[in-house]
Amino acid sequence: SSSLPIFSQEEVTKHRSLEDGIWVTYKGGVYDITEFVAMHPGGDKIMLAAGGALEPFWALYAVHNQEHVLEILSDYKVGEL
Ligand code: HEM
């Protein structure tokens, strides 16, 4: 992961639509989840985190506190904050 680019929060915030791409952050990582949103088992709720941090939402929806969820997320990593 040390070879991935560094992005600013401002850059992440620009990515919150299917047109511009949908990015989120988690524990200092930046993820482009554009291709995942249509596959999300929790439906459109995932868009609440678009352009921002997953942590506040995953604190509310503990279903994400599982290894297999982190494995899915890791597939979409594009950089670091
Ligand atoms: C369920 C992944 C973001 C709300 C799930 C499940 C996965 C998943 C794999 C099914 C878990 C299981 O049943 O074992 C992800 C990923 C996310 C993300 C990879 C970000 C990249 C969010 C956000 C919200 C959310 C931001 C809320 C704002 C939910 C809800 C469910 C769910 C409510 C339960 C759906 C149900 O069982 O009826 N998510 N999620 N998710 N997710 Fe997400």
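# Exercises on a predicted protein model

Read along the sequence, the protein follows the pattern α-β-β-β-α-α-β. The model is predicted: local features need pLDDT of at least 70, side-chain atom pairs count only at pLDDT 80 or more, and totals for chains, interfaces and linings use all residues. Residues are numbered from 1 along each chain as its sequence is written.

## Exercise 1. Overall form

Task: State how many helices and strands the protein has, and judge its compactness from the radius of gyration.

Solution.

Step 1. The secondary structure comes to 3 helices and 4 strands. Helices (H or I, at least four residues) and strands (E, at least two) are DSSP runs, numbered from the N terminus.

Step 2. The radius of gyration of the protein is 12 Å, and the globule rule gives a close value of 12 Å for 81 residues, so the protein is as compact as a globular protein of that length. The radius is taken over C-alpha atoms, and the rule is 2.2 Å times the number of residues to the power 0.38.

Step 3. Along its principal axes, the C-alpha trace spans about 30 × 25 × 20 Å.

Step 4. Of the 81 residues, 15% count as buried. A residue is buried if 20 or more other C-beta atoms lie within 10 Å of its own, exposed if 12 or fewer, and partly exposed in between, with C-beta atoms placed from the backbone.

## Exercise 2. The sheet

Task: Give the order of the strands in the sheet and find the edge strands.

Solution.

Step 1. Strand E1 (residues 16–17) pairs with strand E2 (residues 21–26) in the antiparallel sense over 2 bridges. Two strands pair if DSSP finds at least two bridges between them. The bridge partner of Arg-16 in E2 is Ile-22, and that of Ser-17 is Gly-21. E1 and E2 form a hairpin with 3 residues between them.

Step 2. E2 is joined to strand E3 (residues 29–32) by 4 bridges, and these two run antiparallel. Trp-23 stands opposite Asp-32 in E3, while the bridge partner of Tyr-26 in E3 is Gly-29.

Step 3. E3 and E4 pair in the antiparallel sense over 3 bridges. Here Tyr-31 has Lys-77 in E4 as its bridge partner.

Step 4. The result is an open sheet of 4 strands in the order E1-E2-E3-E4, with antiparallel pairing. E1 and strand E4 (77–80) stand at the edges with a single partner strand each, so one side of each is left without a neighbour in the sheet.

## Exercise 3. A residue in a turn

Task: Describe the phi of Lys-27 and decide whether Lys-27 is buried or exposed.

Solution.

Step 1. Lys-27 lies in the loop between E2 and E3, which form a hairpin with 2 residues between them.

Step 2. Most residues other than glycine have a negative phi. Lys-27 has a positive phi of about 50° although it is not a glycine.

Step 3. Lys-27 counts as exposed because it has 10 C-beta neighbours inside 10 Å.

## Exercise 4. Around the ligand

Task: Say which residues come nearest to the ligand and how the shell around the ligand divides by residue type.

Solution.

Step 1. There are 19 residues around the ligand, and Pro-41, Gly-42, Lys-45, Ala-49 and Phe-57 come nearest. A residue is near a molecule if its C-beta atom, placed from the backbone, lies within 6 Å of it.

Step 2. The shell divides into 14 nonpolar, 4 polar and 1 charged. Ala, Val, Leu, Ile, Met, Phe, Trp, Tyr, Cys and Pro count as nonpolar, Asp, Glu, Lys and Arg as charged, and the others, Gly among them, as polar.

Step 3. Helix H3 (residues 67–74) gives the most to this shell, with 3 residues.
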